[in-house]
Amino acid sequence: YLKISKLALAFAIIHSKPPGKSCKEYTEHLAKTVSKQDFGWKSKVEALEAEVLRLRQELLLNKICPRICLENDASAETLLDQECIDPISYSSQLEDSGCDVSNDYAFDSLGIASDFHESEHNVNTSKHWLERVPPLNLCFTGKEESLTVPVQFLQHLLEIRKLSERGILQADFTELENDSFTICNSVSQLLDGLTIFYNSPKFPVSNFLSEAVCVLISLITDSELSNHVLKKCFKKLEEFKKNLIQIILRNSTVNRFQALHAVSHTLVLLARNNILRSSLISLLLSEVRQFAEQLLQAHQIQAMYDITQYENIFLLCMILEQLLQNETEDSNVSSSDYDREEKIKFLKNLDQIILHLSDEFPLFSLYLWRASVLLNSSQIQ
């Protein structure tokens, strides 16, 4: 049937082709016309799907917090307006130097509310160098619209959560269990949009990405909402973390360091959630171990190694060291929470690797040794 159909189509093209055009040229013209029509239909379908998701989000918000549940309509309306997460206004813009990323006086990198950092004001800032990294905020593009809808929906969820905690309104977050599709799609869209932005950063910077990351971090650190989000979107969050790690490792542009520090900062912020922190440590242990083994193999046979990855691996080492240090200091989180098998693989033959690499790669060897010390100290505790 397929062969007959193709033959019939070929005859139809031959009979209908205009004079002065070859069959090949006419076929290519028809193919372009059909593909344009398909693209038009696809864009219409995507627009309708986006509208359906928006309506589902609206419906879910109404189910969680119907207006009739407001204990004081006037005061609640006012607070709803005040509690909205406003776009962050920056006093300065990042310079595209690609070098100066450690300004101690830089503004809060992701516009996170000040209460996120209140408990850290008395901590030695040298231990939290990544927390001071300036943000990567990117220019608005046509893809910005795909981020706007999920960001607004998740902002509203956070606002309702805040007001319900204060007893200003009643909210039923069990509805998130009944409509997992909406929350999953919203978080997935947000993560996909952030991945696209991080893959192709552009300057001059804007504050849109900061707001999106702020919403994501608020969501996964909220005691009530994070349970629903992790239950439904854990695989997507894992994929997001893996993508960020690969963006760090593979980026070879000249002025890449501001962008990579911003990605690193987002990973550190994701680790505010204990579950995500444990899985992130496992991912970082795996990546650093694999690179160390590849570097050792290349060194032993005097082969070429990836210099770009060697330069970028230090960011992963720094993140790993900071997370392991936090893990050791946090008495509420057991070191056994992250993958014990990955930890054993990392420590296996590590002394030999450090011994063979220390002359040629002293800085990398030092980072490996520091990571092993932190792993062993957490085991002793």
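**Exercise 1.** Find where Glu293 and Arg289 lie, and work out how their side chains meet.

*Solution.* Start with the helix: Glu293 and Arg289 both belong to helix H10 (residues 274-300), 4 residues apart, about one turn of the helix. Helices here are DSSP runs of H or I with at least four residues, strands are runs of E with at least two, and both are numbered from the N terminus. Before going on, note that this is a predicted model, in which local features need pLDDT of at least 70, side-chain atom pairs count only at pLDDT 80 or more, and totals for chains, interfaces and linings use all residues. Residues are numbered from 1 along each chain as its sequence is written, and side-chain values use heavy atoms, with hydrogens and water left out.

Next, look at the charged atoms. Glu293 and Arg289 form a salt bridge with their closest N and O atoms 3.5 Å apart; the term asks for a side-chain nitrogen of Lys or Arg within 4 Å of a carboxyl oxygen of Asp or Glu.

Last, check the exposure. Glu293 is partly exposed at 38% relative accessible area, whereas Arg289 is buried at 13%. Buried means under 20% relative accessible area, exposed over 50%, and partly exposed in between (1.4 Å probe, protein chains only).

**Exercise 2.** Place the salt bridge of Glu165 and Arg161 in its helix, then say how accessible each partner is.

*Solution.* First, the N to O distance is 3.3 Å. Then, because Glu165 and Arg161 are 4 residues apart in helix H4 (residues 144-165), about one helical turn separates them. Finally, Glu165 is exposed at 53%, while Arg161 is buried at 10%.

**Exercise 3.** Which residues have the most contacts inside the largest nonpolar core, and where does this core lie?

*Solution.* A nonpolar core is a set of buried Ala, Val, Leu, Ile, Met, Phe, Trp, Tyr and Cys residues joined through side-chain atoms within 4.5 Å. The largest one has 85 residues, and Leu157 and Phe364 have the most contacts inside it. Domain 1 (143-266) and domain 2 (273-380) both contribute residues, so this core lies between them; the bounds come from an automatic or database domain assignment. Now zoom in on Phe364: leaving out residues up to four places away in sequence, Phe364 touches Val288, Phe291, Tyr310 and Phe314, among others. Contact means heavy atoms within 4.5 Å.

**Exercise 4.** Describe the chain as a whole, using its secondary structure and its burial.

*Solution.* Count the elements: there are 14 helices and 0 strands. Then turn to burial: of the 381 residues, 44% count as buried.
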